[in-house]
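Please examine the sequence and the three-dimensional structure shown below. The paragraphs that follow lead through the chain step by step.

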Amino acid sequence: MRIRRWGIVSASVLMGGAVLSAAVPAAAVGTAAGATASVTACPTGWGSLPESASATAYGDSLTDIRSGTHECYDRLVFDVPGGGTSVGYQVSYVSKLIQDASGDTIPVSGGAILEIRLSVPSYDPNTGTPTYPGVSGQPLPGITLTGYPTFRDTRFGSSFEGVTQVGLGIRARLPFRVLQLSDRVVVDVAHTW
């Protein structure tokens, strides 16, 4: 029987009524099929302090928010077609999510709340037509977090004066990073420290 704890596999063997146990590196213990088991190390070098970037262009709109889980982190992706790598953002842990304009508190489940503010509206700035179907105080449309190790909840805050606000419920205050890729902003939150 193997029990995985903190990157060590504890192998226990029952021999003649006595239990022998030894801690060995996980990679040294074979699986039932004879393959080598491995433990994934996830050194991130990330932290939990606020991250931000200034916008260098304006006029683009948020069109979608997607999520995914990876081996070492959970990911939230904000699609801004035409935004290139010029989308401004502010991402930080907060004690509660306060909706822009109204000042109302939006409940967000989890042990910690990550507030994400993008310098793009979720509507067409010329016509006011919605480009993303988020509803204030409600979970993000189309995102189901069942089975995610880190993410617990999502809430759409608002899209006010060209800034879109989202609350992300996290299991605990964990390290994160923000990436600006072509036409999207990515927020990754590590599964562990």
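A residue is called buried when its relative accessible area is under 20%, exposed when that value is over 50%, and partly exposed in between. By this rule Cys-72 is buried, because its relative accessible area is 16%. The structure discussed here is a predicted model.

The single disulfide is a convenient starting point. A search of the whole structure finds one such bond, and Cys-42 and Cys-72 form it, with their sulfur atoms 1.9 Å apart. Cys-42 lies in the loop between β3 (18-25) and β4, while Cys-72 lies in the loop between β5 and β6, so the bond ties together parts of the chain that are 30 residues apart in sequence. The torsion about the S-S bond is about -65°, and the disulfide is therefore left-handed. In contrast to the buried Cys-72, Cys-42 is partly exposed, because its relative accessible area is 26%.

The chain as a whole may now be considered. Its secondary structure comes to zero helices and 14 strands. Buried residues account for 41% of the 193 residues. The chain exposes about 10,100 Å², of which carbon and sulfur atoms supply 54%. Of the contacts between residues at least 6 apart in sequence, 60% join residues at least 24 apart.

How are strands held together in a sheet? They pair through backbone hydrogen bonds, in either a parallel or an antiparallel manner.

One sheet of this model is open and contains four strands, arranged in the order β5-β6-β14-β13 with antiparallel pairing. Its edges are formed by β5 (64-69) and β13 (176-181), each of which pairs on one side only. On average, neighbouring strands of this sheet are turned by 15° against each other, direction ignored. Within the sheet, strand β6 (residues 73-79) and strand β14 (residues 184-190) are joined in the antiparallel sense over seven bridges. Leu-76 stands opposite Val-187 in β14.

The edge strand β13 includes Leu-179. Is this residue buried or partly exposed? Leu-179 counts as partly exposed, because its relative accessibility is 24%. Leaving aside residues up to four places away in sequence, Leu-179 touches Arg-75, Arg-184, Val-185, Val-186 and Asp-188. The C-alpha atoms of Leu-179 and Thr-85 are separated by 9.3 Å, although the two residues are 94 residues apart along the chain.

Another open sheet consists of five strands in the order β4-β7-β10-β12-β11, again with antiparallel pairing. β4 (51-53) and β11 (151-160) stand at its edges with a single partner strand each, so one side of each has no neighbour in the sheet. Neighbouring strands here are turned by 15° against each other on average, direction ignored. The edge strand β4 pairs with strand β7 (residues 89-94) in the antiparallel sense over three bridges. Glu-51 has Val-91 in β7 as its bridge partner.

Strand β7 also contains Ser-92. This residue counts as buried because its relative accessibility is 18%, and the cut-off for that term is under 20%. When residues up to four places away in sequence are not counted, Ser-92 touches Pro-50, Ile-113, Leu-114 and Glu-115.

Notes
Residues are numbered from 1 along each chain as its sequence is written. This is a predicted model: local features need pLDDT of at least 70, side-chain atom pairs count only at pLDDT 80 or more; totals for chains, interfaces and linings use all residues. Side-chain values use heavy atoms; hydrogens and water are left out. Two strands pair if DSSP finds at least two bridges between them. Helices (H or I, at least four residues) and strands (E, at least two) are DSSP runs, numbered from the N terminus. Axes are lines fitted to C-alpha atoms, for helices over the stretch in contact, and angles run from 0 to 180 degrees between N-to-C directions. Buried means under 20% relative accessible area, exposed over 50%, partly exposed in between (1.4 Å probe, protein chains only). Contact means heavy atoms within 4.5 Å. Accessible areas come from the Shrake-Rupley method with a 1.4 Å probe; for residues, only the protein chains shown count as cover. A disulfide is a pair of cysteine sulfur atoms within 2.5 Å.
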